[in-house]
Amino acid sequence: MATVNKNLSVYDKATIPNANGLRFGIVVSEWNSEITEGLYSGAIEALLDCGAKESDIIRWDVPGSFELTFGSKKMIQSLKIDAVIAIGSVIQGETKHFDFVCDATAQGIKDLNVITDVPVIFCVLTDNTMQQAIDRSGGKHGNKGTEAAIAAIKMAVLGKS
């Protein structure tokens, strides 16, 4: 497992561009909200810690991870933002639904990165168990939301160059 020996919340602030003046959109899935709210908290804390202003962070909620692509697309079309963080959590169940949702979500977010000039950061946990999701949304492995926020800052700056 890639996160076994890595804390997702650790970053060297000296290597991160200042986020002051950048605008961020965060699209959050309501499904598995106990996980997505943890990811959102990690993202917000990191953005603010790196200089973003609260007024420059816009949150939209969507029903599930499958809807993250549409929510991110509409946000890009209607708001002037420098990066979007798409936050979701899909946990393996007894059917193939997991595979379809994970694949469609990943492909949709990839497509937005290809067809728009606004980077969309994939912050979707695709875990086998609820415990794995807890461990990666503020638990023993840190917070993938923090990692996504750092990626959003770096990509927003890259997008402006």
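**Exercise 1. In this predicted model, find which strands helix H5 lies across and the angle it makes with S4.**

Solution. Start with the position of the helix: H5, residues 144-160, lies across S1, S3 and S4. Then take the direction: H5 runs at about 160 degrees to S4. Helix H2 can be treated in the same manner. H2 covers residues 68-78 and lies across S1 (24-29), S2, S3 and S4. Its angle to S1 is about 155 degrees.

**Exercise 2. Work out the strand order of the sheet and state which strands stand at its edges.**

Solution. Step one is the order: the four strands of this open sheet follow one another as S2-S1-S3-S4, and their pairing is parallel. Step two is the edges. S2 (57-62) and S4 (120-127) each have a single partner strand, so one side of each lacks a neighbour in the sheet. Step three is the twist, which averages 15 degrees from one strand to the next.

**Exercise 3. Describe the pairing of S1 with S2 and of S3 with S4, naming one pair of opposite residues in each.**

Solution. Begin with S1 and S2. Six bridges join these two strands in the parallel sense. Across this pairing, Val 27 is opposite Trp 60 in S2. To get from S1 to S2 the chain passes through helix H1, residues 33-49, and this β-α-β crossover is right-handed.

Now turn to S3 and S4. Strand S3, residues 83-91, pairs with S4 over eight bridges, also in the parallel sense. Here Ser 89 is opposite Leu 125 in S4.

**Exercise 4. Decide how H2 and H3 are oriented to each other, and list the residues that make their contact.**

Solution. First come the distance and the angle: the axes of H2 and H3 (residues 97-115) come within 8 Å and cross at roughly 20 degrees. Angles under 35 degrees count as roughly parallel, so H2 is roughly parallel to H3. The handedness of this crossing is right-handed.

Next come the residues. H2 contributes Leu 68, Thr 69, Ser 72 and Lys 73, while H3 contributes Ala 104, Thr 105, Gly 108, Ile 109 and Leu 112. Sorted by class, the contact of H2 with H3 has four nonpolar residues, four polar and one charged.

**Exercise 5. Repeat the analysis for H1 and H5.**

Solution. The axes of H1 and H5 are 7 Å apart, and the helices pack at an angle of about 45 degrees. H1 and H5 are therefore oblique to each other. Their crossing is right-handed.

On the H1 side, the contact is made by Leu 39, Gly 42, Ala 43, Ala 46 and Leu 47. On the H5 side, Lys 144, Gly 145, Thr 146, Ala 149, Ile 150 and Ile 153 take part. The contact of H1 with H5 divides into seven nonpolar, three polar and one charged residues.

**Exercise 6. Locate Ile 91 and name the residues in contact with it, leaving aside neighbours within four places in sequence.**

Solution. Ile 91 belongs to strand S3. With those neighbours set aside, the contacts of Ile 91 are Asn 32, Phe 98, Asp 127, Asn 128, Thr 129, Met 130 and Ala 133. For Ala 133, the spacing can be added: 42 residues separate Ile 91 and Ala 133 along the chain, and their C-alpha atoms are 7.7 Å apart.

Note on methods:
Residues numbered from 1 in each chain as written. Predicted model: local features only at pLDDT ≥ 70, side-chain atom pairs only at ≥ 80, totals over all residues. Heavy atoms only, no water. Pairing = 2+ DSSP bridges. Axes fitted to C-alpha atoms, helices over the stretch in contact; angles between N-to-C directions. Contact = heavy atoms within 4.5 Å. Right-handed = clockwise from strand over helix to strand, strands pointing away. Parallel < 35°, antiparallel > 145°, perpendicular 65-115°, else oblique. Left-handed = near helix turned anticlockwise from the far one by under 90°. Nonpolar A, V, L, I, M, F, W, Y, C, P; charged D, E, K, R; others polar.
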